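Reader: I would like to go through this model feature by feature. Please give the general idea, then the case at hand.

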Amino acid sequence: MRRRTGPVAQEQSEAADGRTGVAAREPSGARTGRASTAARESLGVRQGSRRASVFLARRSLATHRRAWAAVIVATGAAAALIGAFAFVVGSLLVAAPPVQRYTGADAVVVADQKVSYTAKPWGSEPRTTTAYLPERARLDRSVLAAVAGADGVAKAVADDSVPVSTGDGRPAVGRSWPSAVLTRYELAEGRAPREATEVVLDAALAAGGPAPGERVVLRADGVARTYTVSGVARTGDGGDASPAVFFTEPRLTALAGHPGRIDAIGVVAEPGVSRDALRDAVGAVLPERSGVPGSDRGVRVLTGAERGEAEHVDALGGRGDQLGLLGSIAGTVLMVALLVIASTLSQAIRQRSGELALLRAVGASPRQLRSAIGREAGRVSAAAALLGGIGAVPLGLAMRSLLTTGPLPLPVPWWLPPAAALTGGLLVALLARPVAMLAARSITRLRPAAALGAATADEPSEPGRFRTVAGLVLAFAGISSAGVATTQSGQAAGAAASGAAMSLVIAVALLGPRISRIVLGVLGRPLRKAGGVSGFLAERAASAHTRRLATAFTPIVLVVAFVCVQLASGPTMERAAGHQASAALRADLVATGGGAGLPAGAALAVREAPGVTAATGVLRSAVVLADRQAGEPVLTRLPVLGVEARGLSGTLDPGVTAGDLDRLTGRDAVAVGADRAKSLDVSPGDRVALRLGDGTRVEPRVVAVYEHELGIGEFLFPREALAGHVSAARDQAVLIRTGTGTASGADPAAAVREALAPYGGGVAVRAATGDDVAIAPPVSDGDNAVIVIGVGVIGGFALLAVVSTLALITIGRRGEFRLLRMVGTGRRQLRRMLVLETGMVTFAGLVIGTAVAAVPLTAFAVSLAGTAPYLPPVHYAVIAGAVALAAAAGTLVPGASAGGRFALGRRAG
């Protein structure tokens, strides 16, 4: 650009100099006064704008109180649900096994129950993961002498235990009499045992039974034997430990079956020795490792509340499993809550778009409108947060009662209820305001002239470009991530599948207007033909408001998809596992020994019974497999069976595809399931690196590969390979195969009962089923609790969201109903229109929700079970019925009073 020159430029320069000179000659006080006046005027403008926003918010809250009431219900329920999950997760994080058996011990020395695995993920630093061992890791007996010689130790006691059953089948725990001091047992009658044939009974077992000097029948390591009761003991502090039978220490060591190892060492401190001093003194004399051959377990000193870990070795492992499942469900809960809050608030604001556009047209500034909407949302969210925070505590207590168990009671510290309530309420309060302001952005940013036209314009029928792209991306991500569910099992598979389903649900919410057009294309004509005038009105109303239709069926899609995934994942896997277990079972009878199990000799006794052709003892345990998933180190606990190869083909057929099960003998053999063998790239002759239940590293040779792994587990061991590495080497069952024809028509079951009679009471013989060899029970108590929480609590919240959303939409249609009545629409026609609309929304939500759930369910069911997903028809009928009732409650009840008596009642005047 050329520089301006000449007279004009000179005049401009002089004018500027003149202004500068005047400003320079002006007194500073005058300039300050003018600036102060401008500041006061600006402050007055801001205060006036703020007062206007407050006025608009207050009047709007009063005018739209019904709509905001629906929003408060939905967001308050979301706050309660989030707070309840925070309550349960917080309680689990601080939970610890109770101290019962070691109430009289100042410290307990045990082997470390945790194992770790370190690996280097792709393009990252090495990472370490840990897991708890499912069986008790033991100490070498030499550690006892070292602990006894530590400073401040008054007594160090070896503490072993064995399962015991009384003559009438009552379970108990066998212990040595010296260990009675660890639970503060004291003799109430008689004396301590001195001979191998003498015992001291817990008062709970002796009540109404044998007295000192009398006989009692007990079963521990073999057939039932008769012992003399030398005394009766009572615990001094009323501890809640299991009933005990006390033997002499040599006899208990022989019954335990591991003479060179001990379960734990109880330590009683000398008077005046503090807990910390005792821990340091004992820790100073301990070896670095447990000393057991083949084990790399460290040694721990437990004091205070930690002593409970020595009693319930798998409690913390179960806590980790529950935290993983709840964490996955909590992520889904958070997404559900965000979706519900966003949809209800957005719908409440969108229904007022004409009102907001009119305010903009008459001069309300964008800032005033945003401030007014933010204030409304803030007040509404504050009320919802308060109600939700109050409701979070009883809901959290109810969920806690479902998850708490004897080995792991869930505590409620004083700070947990307010912290959980604050978490849910604060999250909702922080989310509501920005969501509401974002929903109103399309109106508040319009110019006044454009807003005047927007006040009477129809709602856009197509979603924006960003919304469409985001919906397509989420749909693709949901379909792609459904494959992740194939790496899980049981309830974990259901949790992973629900995450994939949530991505698809959000995609449906974003693509709702486009999906609504598809729904109308399919249902529009049948609706018009079946409904007459009412059907025509319902179809035209839905066609004119596709976004409203999408908002209506989205919460139904959410309910159906989430609940179907949760309810179908478990039954699908259980059904497939049950089929495989039944296919593998060849036995026709099974013998069980109650809580104490059956010793190894029971299977041998059954084999010698008349009419029995084969008998196999089944010992249950678990192994820990170190592996990588997507490069990340993972430690997986896998349940396994220990069996005897002799006669196995007559009682159990795993479906061998390679190798020979006759070689499943000794301590260096294992059979592997086909899918696991493929993932580990092993075949007969190769070795597999595993940790047994007590942490012992082994690398057994693969002798066979079988296909029924879903039913009987991924690894099959010789019984003798597991017997020395379980907490109690007792068979949970003996599988029995009988001949087709026995002499003189004798009953084989009666012969088996006679053969097992020396093993005392509590032994049962019955027909064998697939559950007797299935690797896990059909549904555990923990799984049931997670199902109830996932389906009952979250499903109930989603149904409440259906009612709130549909009620909000119906309340927002008061003007539409008034207009229809003014042009001559009858009350019955209007009611029938609402019924037809409700049916269309319910049907569309059920179909789309089922399709959304089918994607992840099919992915993991076909991959893991080789079957289609399975949901009991009764369960689906309950889902459909609950959704229909919720939709009717959200539409027909508010519709009966929408717009007052004039809308669906008689016309005024």
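Reader: How many bridges join strand β19 to β23, and do they run parallel or antiparallel?

Author: This is a predicted model. Strand β19, residues 656-659, is joined to β23 by 3 bridges, and the two run antiparallel. One pair to look for is Ala658, whose bridge partner in β23 is Val705.

Reader: Which sense of pairing holds between strand β20 and β23, parallel or antiparallel?

Author: Strand β20, residues 669-673, pairs with β23 in the parallel sense, over 5 bridges. Here Val670 has Val702 of β23 as its bridge partner.

Reader: How should I think about side chains along a strand, and is β23 largely enclosed or open?

Author: In a regular strand, side chains alternate between the two faces of the sheet. As for β23, residues 701-706, 5 of its 6 residues are buried, so the strand is largely enclosed by the rest of the structure.

Reader: Now to a helix. Where does Arg319 lie, and what is the nearest side chain of opposite charge?

Author: Arg319 belongs to helix α9, which covers residues 315-350. Arg319 is buried but has no salt bridge. The nearest side chain of opposite charge is that of Glu309, 7.2 Å away, while the cut-off for a salt bridge is 4 Å.

Reader: Which residues does Arg319 touch, leaving out those up to four places away in sequence?

Author: With those left out, Arg319 touches Leu92, Leu93, Ala95 and Leu408.

Reader: Is Leu338 buried, exposed or partly exposed, and why?

Author: Leu338 is also placed in helix α9. Its relative accessible area is 36%, so Leu338 counts as partly exposed; that class lies between the 20% limit for buried and the 50% limit for exposed. The C-alpha atom of Leu338 is separated by 8.6 Å from that of Val428, although the two residues are 90 apart along the chain.

Reader: How is empty space found, and how many cavities of 30 Å³ or more does the structure hold?

Author: Rolling a probe the size of a water molecule over the atoms shows where empty space is left. The structure holds 5 cavities of 30 Å³ or more. The largest cavity has a volume of about 180 Å³. It is lined by 16 residues, and the closest to its centre are Ala552, Ile809, Arg813, Glu837 and Val841.

Reader: Which elements give two or more residues to the lining of the largest cavity?

Author: They are α17 (512-544), α18 (546-584), α25 (781-811) and α27 (827-865). The most comes from α27, which gives 5 residues to that lining.

Technical notes:
Residues numbered from 1 in each chain as written. Predicted model: local features only at pLDDT ≥ 70, side-chain atom pairs only at ≥ 80, totals over all residues. Heavy atoms only, no water. Buried < 20%, exposed > 50% of the residue type's maximum accessible area, 1.4 Å probe, protein only. Helix = DSSP H or I, 4+ residues; strand = E, 2+ residues; numbered from the N terminus. Pairing = 2+ DSSP bridges. Lys, Arg positive; Asp, Glu negative; His and termini not counted. Contact = heavy atoms within 4.5 Å. 1 Å grid on protein atoms, 1.4 Å probe; cavity = no way out; pocket = protein on both sides within 12 Å on 5 of 7 lines; lining within 4 Å. Points joined across faces, edges and corners; volume = space filled by probe spheres on them.
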